[in-house]
Amino acid sequence: MTSIIYLVESEQKHAQTIVNTAIQNGFEIYMFKKFSDLLADVKKHRPNAVFINETLLPESYDEFL
């Protein structure tokens, strides 16, 4: 069974490097440009790993909600 990775990254160049490496190593990877997009999907699916560019995280609890 293939491991699934979720990636939250808005920089296309960084994202492509990570995606290429993951695919070459046999992972299935899904990209999200915003943290909110990740939250909507993670309620339905459970990846094996999540990698998030820390600058894309909400800055406050209210923003998170």
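What follows is a walk through this predicted model, from its overall fold to a few individual residues.

Start with the fold. The secondary structure comes to three helices and three strands. Along the sequence they follow the pattern β-α-β-α-β-α. The C-alpha trace spans about 40 × 25 × 10 Å along its principal axes. The protein has 65 residues, and buried residues make up 23% of them.

Now turn to the aromatic rings. A search of the whole structure finds two aromatic pairs. Tyr-6 and Tyr-30 form one of them. Their ring centres are 5.8 Å apart, and the planes meet at 75°. The pair counts as edge-to-face because the angle between the planes is over 60 degrees. This contact links distant parts of the chain. Tyr-6 sits in strand β1, which covers residues 4-8. Tyr-30 sits in strand β2, which covers residues 28-32. The two tyrosines are 24 residues apart. Phe-32 joins them, and Tyr-6, Tyr-30 and Phe-32 form one aromatic cluster.

The two tyrosines differ in how they are covered. Tyr-6 has a relative accessible area of 4%, so it is buried. Tyr-30 is at 37% relative accessibility, so it counts as partly exposed. The cut-off explains the split: buried means under 20% relative accessible area, and partly exposed runs from there up to the exposed class, which is over 50%.

Stay with Tyr-6 for one more distance. Tyr-6 lies in strand β1. Between Tyr-6 and Met-31 there are 6.0 Å in space, C-alpha to C-alpha. In sequence, Tyr-6 and Met-31 are 25 residues apart.

Move on along the chain to the loop between β1 and α1, where Glu-9 lies. Helix α1 itself covers residues 12-24. What is the charge setting of Glu-9? Glu-9 is buried yet has no salt bridge. The nearest side chain of opposite charge belongs to Lys-33, and it is 10 Å away. A salt bridge needs a nitrogen-to-oxygen distance within 4 Å, so Lys-33 does not qualify as a partner for Glu-9. Glu-9 does have polar neighbours. A polar atom of the Glu-9 side chain lies 2.9 Å from the backbone nitrogen of Glu-11. The side chain of Glu-9 also makes a polar contact with the side chain of Asn-53, at 3.2 Å.

Next comes helix α1. Ile-18 has its place there. Its relative accessible area is 36%, so Ile-18 is partly exposed. Ile-18 and Lys-44 are 26 residues apart along the chain, and their C-alpha atoms are separated by 24 Å. Gln-24 is also in helix α1. Its relative accessible area is 67%, so Gln-24 is exposed. Gln-24 and Asp-37 are 13 residues apart in sequence. In space, 25 Å lie between the C-alpha atoms of Gln-24 and Asp-37.

Go now to the surface around strand β3. Which residues make the nonpolar patch of about 200 Å²? Val-50, Ile-52 and Leu-57 make it. Leu-57 is found in the loop between β3 (49-52) and α3 (61-64). At 36% relative accessibility, Leu-57 counts as partly exposed. Patch members need over 30% relative accessible area, so Leu-57 meets that requirement.

Pro-58 lies in the loop between β3 and α3. Its relative accessible area is 22%, so Pro-58 is partly exposed. Pro-58 and Ser-36 are 22 residues apart along the chain. Their C-alpha atoms are separated by 9.0 Å.

How values were computed. Residues are numbered from 1 along each chain as its sequence is written. This is a predicted model: local features need pLDDT of at least 70, side-chain atom pairs count only at pLDDT 80 or more; totals for chains, interfaces and linings use all residues. Side-chain values use heavy atoms; hydrogens and water are left out. Rings of Phe, Tyr and Trp (its six-membered ring) pair if their centres lie within 6.5 Å; planes under 30 degrees apart count as stacked, over 60 as edge-to-face and the rest as tilted. Helices (H or I, at least four residues) and strands (E, at least two) are DSSP runs, numbered from the N terminus. Buried means under 20% relative accessible area, exposed over 50%, partly exposed in between (1.4 Å probe, protein chains only). Patches are made of residues with over 30% relative accessible area and no salt bridge: like charges are joined within 9 Å, nonpolar side chains (Val, Leu, Ile, Met, Phe, Trp, Tyr) within 5 Å. Accessible areas come from the Shrake-Rupley method with a 1.4 Å probe; for residues, only the protein chains shown count as cover. Lys and Arg count as positive and Asp and Glu as negative; His and the chain ends are not counted. A polar contact is a pair of N or O atoms within 3.5 Å; within protein, one must be able to donate a hydrogen and the other to accept it, and residues adjacent in sequence count only if both atoms are side-chain atoms.
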